[in-house]
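New to this one? Take a look at the sequence and the structure, then read on for a short tour.

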Amino acid sequence: MGLFYKVVAVCGGVAVVALAAYSARYLFRRPTDAETIPATPLQIRAWVGLGLGLVVALLTAAVLVARGVDGFAADPRTRLLVVGIFVGGLGLYGLIVWRLRSEHGEVLLDERDHAVLHRAGAFQAWAVLACLVVWAIALTEAYWDAGAIPVVYPYLILWSCFIVHAVALAAGVLLAYRRAERDG
Amino acid sequence: MAKPRVRNSIRRLRFDAGEMTQRELASRVECTRQTIVMLEQERYVPSLALAFRIARVFSKSIEDVFRYEDEDEDEAPTDTD
């Protein structure tokens, strides 16, 4: 691997860790009394989405670590298992959101929520872009000499983008609320 | 440039309107209860449409519910003579 890509990989890794640490500190810090207000329905959905998204990501990673990428490519049951994890996660999310909607009995989205979603969408787009950049650089460098990338990777790129898409939207919503509660 | 502030009397108007709950007001103006909390704490400036809906619930004009203030105005010496 060329020096340039090593530097890019190290800088990218440091940036991702720093961003994750900052986000975690910002997200989980103890709010002041003035900042403490009840969660909106959208906030509750975002926490559910974040939790389920992380669970799905961890389960998928566990399957890939246990079976390996070659096992994923060769064994249709492994691919089916990954699809099952995704469909199960989506189904569970839908069920929880449906329960929340029927229990809440109030307006689910208002003008503040739309502003929050707008900000979260920008965060989500950058996160998906970053995911694709990591895949593109990693795969290109890993298979440069071979001149071709194994056909299994588009599937993995697809699933990883789905996960990042869901988790980044939830994290973006929570971060945008934090900022809105602080700055108004 | 001075930071503008939009003050409001929502909490008092709610109390005057038979102690209307935040949830009931939120339902009538089609926003979440959390937005009402943020408005009452003057940490959120509503859109014109929401401001009009809130004023309409209390049968008031928008100026009776919301007032715009510059910090300069707060600090400027008043001439009461």
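## What is buried in H2(A)

In this predicted model, quite a few residues of H2(A) are buried. Going along the helix, they start with A:Pro41, A:Leu42 and A:Gln43, then come A:Ala46, A:Gly49, A:Leu50 and A:Gly53. A:Val56, A:Thr60 and A:Phe72 are buried too.

A bit of helix background helps here: an α-helix has 3.6 residues a turn, so residues three or four places apart point the same way.

## A helix with a bend

Don't expect H2(A) to be a straight rod: at A:Gly68 the helix bends by about 95°. Its end-to-end span shows a shortfall as well. With 34 residues, a straight helix would reach 50 Å at 1.5 Å a residue, but the end C-alpha atoms of H2(A) are only 43 Å apart.

## Two domains in chain A

Chain A splits into domain 1, covering 56-104, and domain 2, covering 112-184. Going by C-alpha atoms, their centres sit 18 Å apart.

Where do the two domains of chain A meet? Eight residues of domain 1 are in contact with six residues of domain 2. On the domain 1 side, helix H2 (41-74) and helix H3 (76-104) of chain A each give two or more residues, and H2(A) gives the most, with six. That side has seven nonpolar residues, one polar and no charged.

## Meeting chain B

Chain A also touches chain B: 10 residues of chain A are in contact with 16 residues of chain B. Here the chain A side is made up of four nonpolar, two polar and four charged residues.

Key
Residues are numbered from 1 along each chain as its sequence is written. Chains are lettered from A and ligands numbered from 1 in the order in which they are written. This is a predicted model: local features need pLDDT of at least 70, side-chain atom pairs count only at pLDDT 80 or more; totals for chains, interfaces and linings use all residues. Domain bounds come from an automatic or database domain assignment. Two residues are in contact if their C-beta atoms, placed from the backbone, lie within 7 Å. Helices (H or I, at least four residues) and strands (E, at least two) are DSSP runs, numbered from the N terminus. Ala, Val, Leu, Ile, Met, Phe, Trp, Tyr, Cys and Pro count as nonpolar, Asp, Glu, Lys and Arg as charged, and the others, Gly among them, as polar. The expected span of a helix is 1.5 Å times one less than its number of residues. The bend at a residue is the angle between axes fitted to the seven residues ending there and the seven starting there. A residue is buried if 20 or more other C-beta atoms lie within 10 Å of its own, exposed if 12 or fewer, and partly exposed in between; C-beta atoms are placed from the backbone.
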